[in-house]
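Visitor: I have a model on my screen and would like to know how its labels are earned. Could you take me through it?

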Amino acid sequence: MSEKIDELKQTFQEDMDKAQNTEDLENIRVKYLGKKGTITELLKGMRNMQGDERKEAGKRINLLKAQVSESIQERGKQIQKEMEKRLLMADRRVDISLPAGNNIGSLHPITIVQRELEEIFSSMGFAVEDYNEVVTEYQNFEAVNVPKNHPARDMQDTYYLDNGELLKTQTSAAQNYILRKYGAPCRAIFPGRCFRNEALDASHENTFFQMEGMMVDKDISVANLIYFMETMLSEVFQTDITVRLRPGFFPFTEPSFELDIHCPFCGGKGCATCKHGGWIELCPCGMIHPNVLKMGGVDPDKYTGFAFGLGLTRLAMMKFDINDIRVLNSGNLKALDQFTIL
Amino acid sequence: MFLSMNWIGDFVDLTGVDMDDLMHKFTMGTAEVEGYQWVGKDVQDVVVGKIISCEKHPDSRKLHLLKVDVGDKVLDIVCGAPNARVGIKVPVALPGGKAGGMDIEPRMLAGCISNGMCCSQKELGVSDDHSGLWELPEDLPLGKDLKEIYEIDDFIFEVDNKSLTNRPDLWGHYGIAREVAALTGRTLKPYQTHSLDAYESLPEVPISVEDDSCYRYSAMAISNITVPKSPENMQIRLYRCGMRGINLLTDLTNYLMLELGQPMHAYDYKRVSQIEVKKFDQPFQFTTLDDKVRTVGTDTLMICSQGKPVCVAGIMGGQESEIVDDTDSFLLECANFDSMSVRKSTQALGLRTDAALRYEKTLDPEMTRTAVARYLKLLLEIDPDVKVISRFSDCYKKHYPHRVITIDKDYVDRYTGIDISEDRITKTLTDLGFGVTRRGKDFIVDVPSYRATKDVTIPADLIEEISRIYGYDNFAKKTTRAAIHPITMTPEHRLHRGVKNLLAFSYGSHEVHTYIWNDGKTLGQLGLSNKGILHLTNAVSPDIDTIREEMVPSLICVAAKNKTYAQEFSVFEIGSVVTGLDKDNLAIEEKHLGVVLVGQKGSEEKLVMRAKSICESIAKMLRGISFYYTNDESGDVKEWEHPYNAFTVMAADEDPITPDLNVGRIAIVHPSVSAKINKKLALVGIELNMDAIWPLTRIMPKFQEPSRFPSITADITYQVDSSVRYSEFMRVIAQHPSQLLKDTELMGIYEDPDVKGKKAVTIRYTFGADDRTLTSEEVTDAIEMYRGVMRELGAMVEG
């Protein structure tokens with residue numbers, strides 16, 4: 001009996017070694033485990049045995065049957081895997097180097113810089129406001145303490161319209177509106193487009209963006225202004241910025257300052273951006289003139305505040321190293337489509 | 001404005017002051033210094049010499065061979081100056097010295113040795129005169145270094161005029177000296193004048209001022225003028241500050257203007273001996289002393305004498321009454337005019353003189369007497385024989401109020417945020433010429449007249465004086481102690497941001513910026529008119545004088561410029577347009593989104609669908625509103641629009657009561673316009689009124705639990721006439737509502753080329769219920785209903 005089993009084992013192993021595919025495997029299954037299979041025949045042959053012999057043979061044959069069955073199953077899985085692999089290997093390979101295109105257009109560089117500033121200011125508790133481009137003389141001038149007959153109102157600077165209004169020459173035109181809307185205390189920025197009647201060249205545009213900001217509260221001081229501008233500009237330029245104030249003159253502030261920053265591009269050594277002076281004149285600012293507060297409905301005896309005007313266009317040019325201001329309003333997609341920053 | 005440190009040194013002792021440091025302080029504390037330089041460094045070892053022999057060069061027509069006595073020796077010098085002659089004293093640059101931009105060494109000139117150089121004024125940097133040698137006065141000692149006689153050395157700095165706009169007191173050296181004294185802590189010397197009291201008994205110059213824009217007119221008549229030219233050092237100072245010497249009387253007026261900031265004028269007394277200040281009823285021709293004939297309008301103030309105009313007030317004198325060679329007596333004018341009046345006349349005449357520049361700044365009328373007294377002092381020093389023949393005659397019409405401002409230390413602390421001591425406050429203000437009296441905690445500040453015309457009027461103005469001299473560099477930086485307030489983005493802002501992101505990052509569109517006025521030239525080339533409600537009154541060209549009413553034409557112009565950019569692209573902008581005027585005649589300004597999509601001819605439908613998809617996406621972002629699109633072919637079609645493919649975008653919210661809003665347009669751009677850009681192109685425009693849309697923004701609607709039961713879909717294909725629009729199907733479905741119908745979707749439209757005039761429209765219906773699984777009967781009934789209802793559209797149901 002045991003000889004038979006060993007012999008059977010051996011032939012089974014030989015058969016298995018030859019099996020290449022599922023068909024071969026099925027033939028083997030039938031040969032050994034089928035109704036007339038050799039193992040089935042062995043089991044049938046037990047009928048002639050008795051007692052312990054029969055018990056022993058049963059055990060061994062059933063074990064053999066289980067082993068053969070398992071072996072066939074294992075091999076089946078293996079063959080299946082090999083087949084799948086062959087199919088996958090035969091699949092077309094994708095040429096990932098083919099161009100795929102994208103669905104990304106571009107934002108205007110001013111939009112990108114404006115958003116950056118809006119985020120910085122929002123994080124410091126400033127509201128973001130907007131204002132018209134066509135404004136009245138009162139809004140643009142009187143309400144920000146530019147009296148009638150002031151040189152700033154000259155025809156050569158301001159675009160006047162045939163209904164008596166004008167195109168706003170400065171974002172300060174919105175100061176009155178913002179003060180009236182929020183009252184004191186108030187923190188707000190208002191980016192916007194401004195217009196001045198100027199001849200176009202690489203550094204002059206008649207249409208440009210500014211961003212006005214102001215902060216009004218009890219006891220706002222010059223020292224606060226310096227701290228605040230330095231903090232904010234450090235964030236804008238992503239490096240520690242040193243500022244300095246010089247006396248300036250603007251009708252809407254008193255005292256007024258010209259704010260310079262220590263050139264962040266060359267560290268003050270002198271480069272093209274700072275015109276080799278080490279300092280960049282960046283932003284006019286000052287303590288809001290009591291008359292402006294008054295006209296905005298805020299009591300100048302109780303409140304003080306500072307205001308500043310950042311040249312958004314200039315900032316964008318500095319940030320992106322744009323040398324010709326005319327690019328910005330050119331609508332030339334070959335130049336503008338590179339601004340894909342979200 | 002150029003300033004001479006020698007001149008400033010007349011009024012404040014600057015010994016030991018570092019000039020770089022002073023310039024920095026001036027920029028930081030007063031006004032921006034645009035540049036500075038030491039002059040005279042390129043002139044060395046130039047001495048007084050006398051030509052004792054002058055022979056013609058044997059081989060040259062121009063050159064002379066000179067023997068020049070320089071005191072301790074006689075030098076052979078080859079010289080080309082036409083005025084070289086025996087007997088004159090001239091500057092001689094010695095070998096080893098410097099002049100005319102050269103290092104002077106003995107050298108051969110046209111075959112002869114030259115041991116030095118005789119110099120012109122230009123070569124010594126004291127004037128532009130290069131016509132010949134500088135002929136020095138006879139009494140100068142031979143061999144004396146010229147720098148010991150003349151102000152060849154100086155330190156010149158330039159201050160940006162614009163930064164002095166609000167400081168009428170800084171338009172002369174004396175005012176600058178006051179600042180320098182305050183910035184360096186030195187003492188300002190008193191301004192030396194000649195007392196006018198002794199002349200009170202002399203006759204008055206008749207002055208009549210007939211116009212309010214003359215605030216003050218002072219005059220004095222002086223005779224017996226014998227010195228024609230002003231001293232060299234005076235001329236050098238004038239030259240270094242950008243003017244030049246003419247004659248003594250005129251030079252002195254200019255000198256006073258540069259010194260005190262007070263313009264003056266000298267008239268030949270033979271022609272002007274009495275004064276009327278007035279405007280004329282009629283324009284007339286007037287010859288100014290630059291020999292130009294100018295038309296003077298009725299708004300321009302004139303100085304007249306016996307009815308005859310002699311000077312444009314505050315701007316320029318007339319040619320007829322100017323000081324000439326034989327002038328031996330003159331009338332000195334020292335006046336003050338309204339700044340606006342001078343500025344307007346300047347603009348009308350197109351003539352902005354140094355005098356006008358100063359009058360525009362609102363000068364202190366108190367200065368006129370000081371200026372006349374100073375003039376007289378300087379004149380008497382130069383020409384002691386002159387005779388004053390009138391008293392100081394004065395017509396003083398407008399006085400500025402005398403200003404006294406009270407502040408206290410708390411106010412200064414609050415405004416500056418730092419602690420500036422009381423002594424420092426007092427010293428700063430005093431140094432700047434303010435009178436300071438203490439009363440308890442208060443500083444009672446008396447504003448000097450030269451600061452009171454407009455510059456210093458309120459307490460905040462004093463803060464500036466105190467802080468700038470203290471130095472902004474010395475300020476501590478301090479954060480604020482303000483309460484925290486939440487900040488949210490305005491809905492308008494949020495919408496703009498969302499729409500820009502959508503277009504740029506979902507639709508691949510490019511944001512551009514265009515001008516608020518139409519691009520008239522490009523519009524014209526495209527056959528579109530330059531339309532708009534508002535116009536600029538002072539545009540440089542009529543092509544850019546019309547404020548736009550809509551965005552799309554601006555963007556069509558951008559598309560035209562980019563026609564070769566890509567096969568398919570789009571541009572967009574959110575910008576301002578003016579759509580009308582309100583009852584007060586004020587502009588109605590709206591923010592509009594404009595998009596122009598560009599593709600190849602034949603892709604119009606695809607482009608319109610893309611445009612619609614953009615609008616649908618915007619509506620979806622807003623939540624709770626929906627857009628629908630109408631085309632009323634008989635309605636107003638814009639010039640740029642295809643007359644039959646222009647659609648109005650209507651916005652409907654969930655509230656049935658509020659009327660639906662017209663928020664914009666989608667249209668194919670008129671083929672004749674796109675053909676002018678390129679025959680192969682098709683364009684589609686979107687114009688959306690963002691101001692109308694953002695108020696529709698809804699708060700987030702309540703969450704809806706999705707049904708847990710399966711839904712069933714059924715596709716039904718209808719065959720209809722090609723002219724039947726999809727909206728008709730939607731209308732029929734809406735008229736036959738079913739509780740079970742959850743959604744419909746267009747699966748496709750097929751037009752069989754063999755079946756003319758017909759199309760097959762396949763719609764997928766989705767049925768379901770929130771509370772149960774539908775039975776097959778329910779579904780069958782519903783499907784049957786939607787198969788049947790389309791008969792009213794003449795539909796045949798396939799399958």
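Guide: Gladly! This is a predicted model, and between chain A and chain B there are 36 residue pairs in polar contact, with both partners at pLDDT 80 or more. On the side of chain A that touches chain B, helix 8 (residues 222–237) gives the largest share, 6 residues. That side of chain A is made up of 38 nonpolar, 26 polar and 23 charged residues.

Visitor: What makes Asp130(A) and Lys591(B) a salt bridge?

Guide: Their closest N and O atoms are 3.7 Å apart. The cut-off is 4 Å, so the pair qualifies as a salt bridge. Across this interface the rule finds 6 salt bridges.

Visitor: How much area do chain A and chain B bury between them?

Guide: About 6,700 Å², with 55% of it on carbon and sulfur atoms. Pro247(A), Glu254(A) and Leu333(A) supply 9% of what chain A buries against chain B, more than any other three residues. The contact involves 87 residues from chain A and 79 residues from chain B.

Visitor: Why is there no bond between the sulfurs of Cys79(B) and Cys118(B)?

Guide: The two sulfurs are 4.9 Å apart, which is too far for a bond. A disulfide needs the sulfur atoms within 2.5 Å, so Cys118(B) is in no disulfide with Cys79(B), its nearest cysteine neighbour by sulfur. Searching the whole structure gives 0 disulfides over all chains.

Visitor: And why is Cys79(B) called buried?

Guide: Its relative accessible area is 6%, and buried means under 20%, so the label fits. Cys118(B) also counts as buried, at 6% relative accessibility.

Notes:
Residues are numbered from 1 along each chain as its sequence is written. Chains are lettered from A and ligands numbered from 1 in the order in which they are written. This is a predicted model: local features need pLDDT of at least 70, side-chain atom pairs count only at pLDDT 80 or more; totals for chains, interfaces and linings use all residues. Side-chain values use heavy atoms; hydrogens and water are left out. Contact means heavy atoms within 4.5 Å. Buried area is the accessible area (1.4 Å probe) that two parts lose on being put together, summed over both. A salt bridge is a side-chain nitrogen of Lys or Arg within 4 Å of a carboxyl oxygen of Asp or Glu. A polar contact is a pair of N or O atoms within 3.5 Å; within protein, one must be able to donate a hydrogen and the other to accept it, and residues adjacent in sequence count only if both atoms are side-chain atoms. Helices (H or I, at least four residues) and strands (E, at least two) are DSSP runs, numbered from the N terminus. Ala, Val, Leu, Ile, Met, Phe, Trp, Tyr, Cys and Pro count as nonpolar, Asp, Glu, Lys and Arg as charged, and the others, Gly among them, as polar. Buried means under 20% relative accessible area, exposed over 50%, partly exposed in between (1.4 Å probe, protein chains only).
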